[in-house]
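Okay, thanks for coming, everyone. I'll put the structure up and then walk through it, ligands to begin with and helices after that.

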Amino acid sequence: MQKLEALARDAQQLASGLDAANGGPANASAHRTIRVLPLTENETEVARQMQICNACRYCEGFCAVFPAMTRRLEFGKADVNYLANLCHNCGACYHACQYAPPHEFAVNVPQAMAKVRMDTYSEYAVPSFMGALYKRNGLTLSLALAFGLALFLVLGVAMNGPLFGTPLAGNFYAIFPHNLLALLFGIVFVLASVSLGVGVTRFWKDVSADTGSAAAQGEAISEATRNALTLKYLDGGHGDGCNEADDRFTLARRRFHHFTFYGFMLCFAATVVATFYHFFLDLHAPYPFVSVPVLLGTLGGIGLLIGPAGLLWLNLKRDPARGDAAQKPMDRGFIALLLLTSATGLALLAWRDTAALAWLLAVHLGVVLALFATLPYGKFAHGIYRSAALLKSSIEKRQANSLKLGSE
Ligand code: SF4
Ligand code: SF4
């Protein structure tokens, strides 16, 4: 351990020496990117492990984290937050590491990164108290909010008529007027978008000082978008996938993420098309089973059943040693809301022509509202911060490495 620490010290001195030797304005600007802020305990642990990894570099080809690490010899708060959000907890470096516990170096990069990542969600969240609340009680908060909102809407329906009245042939707007729904969901959607937007802007300002030329930015944006949409790094860097319960590789996580992401996007597309129909074509719901909004929503709902169910199964069987136990309730809270959203949505579609329409609709709307309200504070935020980190990585790759020591 002492040898590695000495190596890290030498590396830092070397970095200072290089800067002094080069000494130009470019290096001065590189120094301005380092924010001298005290590290938290979790960030200090990531910085410690990154210094060991920087001396070892065995895992360089596994993911984007290690090439980004080799561009640094010291790890400030911004670097640690950036690297933590670039990591997607595939576990490859833990299962490959000769310094993992019980070795005295106790290197467990996925776990250390997961702890910092979770701190990121609450640190950058707006309002921050919601982030802190969700961080501590994600599953309870998600279920309680979904149950409370569903109950509120069910009671609202019951006060205005029978819960099991005459079948309304799927006419939702006879129960909740269109404008009321548009206003309610519009407000929650805008609040969630603003909260996420402010959070990721603050994150971006912290981690990214130099974004390079416009041409390089264009290339970087296109590469990062491709990497995010294909979940490139969930192939483990070798195409065989991530580790889950043990040393074996599997592409299951990548596939379930794809079902979840594209399921969510199809449901979103169904809502956009239905809104277009309503306002621009004067075509009002309920739409036939064979219509664009219903087909998109049905396919999306099925994707949102398969994906989250698979992710929950993987979450339950994943090797606990490499994860952050404190993060499980938050992960499961988000997965539970996705599952409930798709299950109640498909049930509503299946029984929309029956007397159960009113309470099925109230329950589904309550769950969707809870999902939207918690989007900025949990696992959904991971997708946004990770995309920002991938963009930073793509930009950084196109810039000269001032250390001239890396292996990219
Ligand atoms: S995780 Fe372990 S094996 Fe991989 S680079 Fe770090 S110290 Fe080396
Ligand atoms: S857990 Fe996977 S993504 Fe994270 S640093 Fe290790 S190899 Fe990279």
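Let me start with a question for the room: which element gives the largest share of the shell around ligand 2? It's α7, with three residues. Before I go on, please keep in mind that this is a predicted model.

So, staying with ligand 2: 14 residues surround it, and the closest are Cys63, Cys87, Cys90, Cys93 and Pro110. Besides α7, helix α6 is there too, and each of them supplies at least two residues of that shell. By class, you get 11 nonpolar residues, three polar ones and no charged ones.

Now swing over to ligand 1. Here we have 13 residues around the ligand, and Cys53, Cys56, Tyr58, Cys59 and Cys97 come nearest. Two elements give two or more residues to this shell, namely α3, residues 41-56, and α6, residues 92-96. The largest share comes from α3, with three residues. As for the make-up, the shell around ligand 1 has 11 nonpolar residues, one polar and one charged. Notice that α6 has turned up in both places: it gives at least two residues to the shell around ligand 2, and two or more to the one around ligand 1.

Let me zoom out for a second. The protein has 408 residues, and 38% of them count as buried. In secondary structure we're looking at 15 helices and two strands. And if you take the contacts with a separation of 6 or more, 77% of them are between residues 24 or more positions apart.

Back to α7, then, and what comes after it. Helix α7, residues 109-124, packs with helix α8, residues 128-160, at an angle of about 145°, and their axes are 6 Å apart. On the α7 side the contact is made by Met118, Tyr121 and Ser122, and on the α8 side by Ser128, Gly131, Ala132 and Lys135. Sorted by class, that contact has three nonpolar residues, three polar and one charged.

Next, the membrane question. Which residues does the UniProt annotation "transmembrane region" cover? According to that record, an unreviewed entry, they are 139-159, 179-200, 259-280, 292-314, 334-351 and 357-377. I looked at two of these in the model. Residues 179-200 are 100% helix and 0% strand, with the end C-alpha atoms 31 Å apart. Residues 292-314 are also 100% helix and 0% strand, and there the end C-alpha atoms are 33 Å apart.

That second span brings us to α12, residues 292-317. This helix has 26 residues and reaches 38 Å from its first C-alpha to its last, close to the 38 Å expected at 1.5 Å a residue. Quite a few glycines are buried in α12, including Gly297, Gly300, Gly301, Gly303 and Gly307. Pro293 and Pro308 are buried there as well, and so are leucines such as Leu296, Leu304, Leu305 and Leu311. What do the buried residues of α12 pack against? The partners are α11, residues 252-280, and α13, residues 328-350.

While we're on α13, have a look at Pro329, which lies in that helix. Why does Pro329 count as buried? Because it has 20 C-beta neighbours inside 10 Å, and 20 is where the cut-off for buried sits. Leaving out residues up to four places away in sequence, Pro329 touches Asn137, Gly138 and Leu139. There's also Thr140, 189 residues from Pro329 in sequence but 7.8 Å away in space, C-alpha to C-alpha.

Further along α13 you find Ala347. Ala347 is partly exposed, because 15 other C-beta atoms lie within 10 Å. Its C-alpha atom is separated by 9.6 Å from that of Leu357, 10 residues apart along the chain.

One more residue: His178, in helix α9, residues 178-207. His178 has 14 other C-beta atoms within 10 Å, so it is partly exposed. Setting aside neighbours within four places in sequence, His178 is in contact with Tyr173 and His278. His178 and Ala285 are 107 residues apart in sequence and 9.4 Å apart in space, C-alpha to C-alpha.

Last stop, α10, residues 214-230. Its 17 residues reach 24 Å from first C-alpha to last, close to the 24 Å expected at 1.5 Å a residue. Just after α10, Leu231 takes a positive phi of about 50°. Okay, that's my tour; over to you.

Note on methods:
Residues are numbered from 1 along each chain as its sequence is written. Chains are lettered from A and ligands numbered from 1 in the order in which they are written. This is a predicted model: local features need pLDDT of at least 70, side-chain atom pairs count only at pLDDT 80 or more; totals for chains, interfaces and linings use all residues. A residue is near a molecule or strand if its C-beta atom, placed from the backbone, lies within 6 Å of it. Helices (H or I, at least four residues) and strands (E, at least two) are DSSP runs, numbered from the N terminus. Ala, Val, Leu, Ile, Met, Phe, Trp, Tyr, Cys and Pro count as nonpolar, Asp, Glu, Lys and Arg as charged, and the others, Gly among them, as polar. Axes are lines fitted to C-alpha atoms, for helices over the stretch in contact, and angles run from 0 to 180 degrees between N-to-C directions. Two residues are in contact if their C-beta atoms, placed from the backbone, lie within 7 Å. The expected span of a helix is 1.5 Å times one less than its number of residues. A residue is buried if 20 or more other C-beta atoms lie within 10 Å of its own, exposed if 12 or fewer, and partly exposed in between; C-beta atoms are placed from the backbone. UniProt positions are given in the numbering used here, feature names are shortened, and annotations may be inferred rather than shown by experiment.
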